[in-house]
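User: I'd like to learn how to read a structure like this one. Could we go through it feature by feature?
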Protein chains: 2
Amino acid sequence: MNRSVFQNSVGIKLPIIQAPMAGIQGGAMAAAVANAGGLGSIPCAMLSPDGIVKEIEAFKSAIVNPHAPLNLNFFCHQTPNPSEAEQRAWKDLLAPYFNEFCIDPASIAEGPGRSPFDDISLAIVQAHRPAVVSFHFGLPDPYFVKAIQSNGALVLSSATTVNEGLWLQERGVDAIIAQGLEAGGHRGIFLDADSKVSLALDLTTQVSSFALVPQMVRATRLPVIAAGGIADALGVKAMLDLGACVAQVGTAYMLCDEATTSQLHRRALASPEAQHTALTNLFTGRPARGIVNRIMRELGPINSTVPRFPLATSAIAPLRSAAEKHGSGDFSALWSGQNTSGCKAIGAEQLTKELAALVILR
Amino acid sequence: MNRSVFQNSVGIKLPIIQAPMAGIQGGAMAAAVANAGGLGSIPCAMLSPDGIVKEIEAFKSAIVNPHAPLNLNFFCHQTPNPSEAEQRAWKDLLAPYFNEFCIDPASIAEGPGRSPFDDISLAIVQAHRPAVVSFHFGLPDPYFVKAIQSNGALVLSSATTVNEGLWLQERGVDAIIAQGLEAGGHRGIFLDADSKVSLALDLTTQVSSFALVPQMVRATRLPVIAAGGIADALGVKAMLDLGACVAQVGTAYMLCDEATTSQLHRRALASPEAQHTALTNLFTGRPARGIVNRIMRELGPINSTVPRFPLATSAIAPLRSAAEKHGSGDFSALWSGQNTSGCKAIGAEQLTKELAALVILR
């Protein structure tokens, strides 16, 4: 699709989507991006329904143009039934660390940690009418996709392979986010990703944005949004030259004024450590890219004992808290893409303008 | 460095280097690329000294301009002392396959399989005066580097991380090949790559060309040659826009008329199987990217029992031959990058011109 047609359908002046980053940002950053003319995103996966509405209100109160578009992002995994054996094996693996920090494993509250899109999410979408709803890990039930589109929103979802892109196209999405393996945070991988035994081999299906974007453009008839490793204006221009309609940028925003990134995480992103990231399933149960730290080194970034997503989160949380109290990120999910060279401690409005500097449509 | 200055120093009209691909091409392809105005390469690692000279002569007899530059590419690993225990463990792992094909493991001739740069290589360089000598796996002894440069050749080497690029710069290379993880065949990785135990984690240091090239350009003061995932004219242009002086392209040439790629390998490259490649150490002992096949699935693409490079090659060779006799690539190293969309069964001269179509200097 022609880039300007797609930008118009979203209602953005600049071909930039600020990637939703759960735990890192909310409505304030989305509004700053919107004020520059890009598409800001609110990540909803770690928020309660009230929390989502609060962030939407923060967005609305901070935008200059009251009609500025917004993207609400949801996860759409199936929440698995907790298995006692799985949790026990996971806690056994973590036992030396619990011991080190004097944590009683019996005291750990179980909880899913991440919520998928559901009827309440749909009600929020219907009440607040975002211009865009984007998904990670495939799509929710077709009924939901139809209801969102009937409500006037475009539906986007991430594809990490051409096969996933074709699957999404068949199911009626309005655009495909081609997520290259450089991207920080969770891989959107959803096909052939169930078998834990071969998780390490499954991850070899993941290709870079530079390889994925042109192949996705060729294989599908939908607008393609490039994601992964896009750090600056040159990167945005390169991806648009390769046929993408819009660039989705995450990592570069993580040091921005509006980001709620922790000080510890900010320091890691700005340090040489950020040169070494890996896909790891240790923090949630699904592969996600973060800066290599102690637990990733000691248990291996991909470990087959980790429970299914998102059931891994509860047992590792107290370790993270305990270590962070001592200023250590040894157990923290230090999400980061493979290219931190574009991270800037400035406002997100300014960063958005800089990212789009070489690709403004006249 | 300015792109035209670097092109002039190499003596090429087009900013294209045909990547050296051992076992896939020789002087005929290098000459076709030279005739288009690019830099052709002869991969020397699997050739005897006589074999190298034969390919140089094939190059010379096929070039139109007698002063067309040539790149001779060498490996520069340390050949390890064979360990009987290591070979036994490897043959034990392969035993079920030897059994399946009625191969007597005792009949397998041991041999290093790949030769590093040495005094004889230097004598060939001094006698034939190629414009460029490129290395994979670091650099040979500083004496060799100096001798090659004194002889009038530029010295290039591959870096898979910014740290490797800085290491090469310190040791006086003339340009750095930034090898993104999309690239087919052997990773050039040479720092922190010794410890077999953590090989899987070491591989997480590998980043895409889209992430690596701009960071290498920023971190070093040398011309950067982009490699990995570059499939067509758009890809070449994108990499030059990101700051590379030249694009090195391999996979796209593998179906060319001058390639000696086997029929079986050609079929795999042209099939949907080529969508799924992985880094594997099974075929030589060092991680290299190839199309996922039976042995990679069954032993895992990275297996810690595999002997050190290049000692893995001899035991797996008879399995490859036996399977290929039945038309099967189950045990073949089907080298390929992550983007086969640019593979074309045309002459390499024509392909080189097409690759450079958007970046010709006036």
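Analyst: Happy to. Let's start with how the two copies meet: 100% of the interface residues of chain A are also interface residues in chain B, so the copies meet through the same surface. Contact here means heavy atoms within 4.5 Å. Keep in mind that this is a predicted model, where local features need pLDDT of at least 70, side-chain atom pairs count only at pLDDT 80 or more, and totals for chains, interfaces and linings use all residues. Residues are numbered from 1 along each chain as its sequence is written, chains are lettered from A and ligands numbered from 1 in the order written, and side-chain values use heavy atoms, leaving out hydrogens and water.

User: By what turn can chain A be laid on chain B?
Analyst: Copies are superposed by least squares on the C-alpha atoms of residues with pLDDT of at least 70 in both. Here a turn of 180 degrees, with a shift of 0.0 Å along the axis, lays chain A on chain B with an RMSD of 0.0 Å. The two copies are thus related as by a two-fold rotation axis. In chain A, A:Ala238 has the C-alpha nearest that axis, 2.5 Å from it.

User: How many residues does each chain give to the contact?
Analyst: Chain A gives 36 residues and chain B gives 36 residues. Buried area is the accessible area (1.4 Å probe) that two parts lose on being put together, summed over both. For chain A and chain B that comes to about 2800 Å², with 58% of it on carbon and sulfur atoms.

User: And how many salt bridges cross the interface of chain A and chain B?
Analyst: A salt bridge is a side-chain nitrogen of Lys or Arg within 4 Å of a carboxyl oxygen of Asp or Glu. The rule finds four across this interface. One of them joins A:Asp241 and B:Lys237, whose closest N and O atoms are 3.5 Å apart. On the side of chain A that touches chain B, the elements giving two or more residues are α9 (209-219), α10 (233-241) and β10. Helices (H or I, at least four residues) and strands (E, at least two) are DSSP runs, numbered from the N terminus.

User: Which strand pairs with β10(A) over four bridges?
Analyst: Two strands pair if DSSP finds at least two bridges between them. The partner of β10(A) is β11 (residues 288-291) of chain A, in the antiparallel sense. For instance, A:Ala278 has A:Gly290 as its bridge partner. Both strands belong to an open sheet of three, in the order β7-β11-β10.
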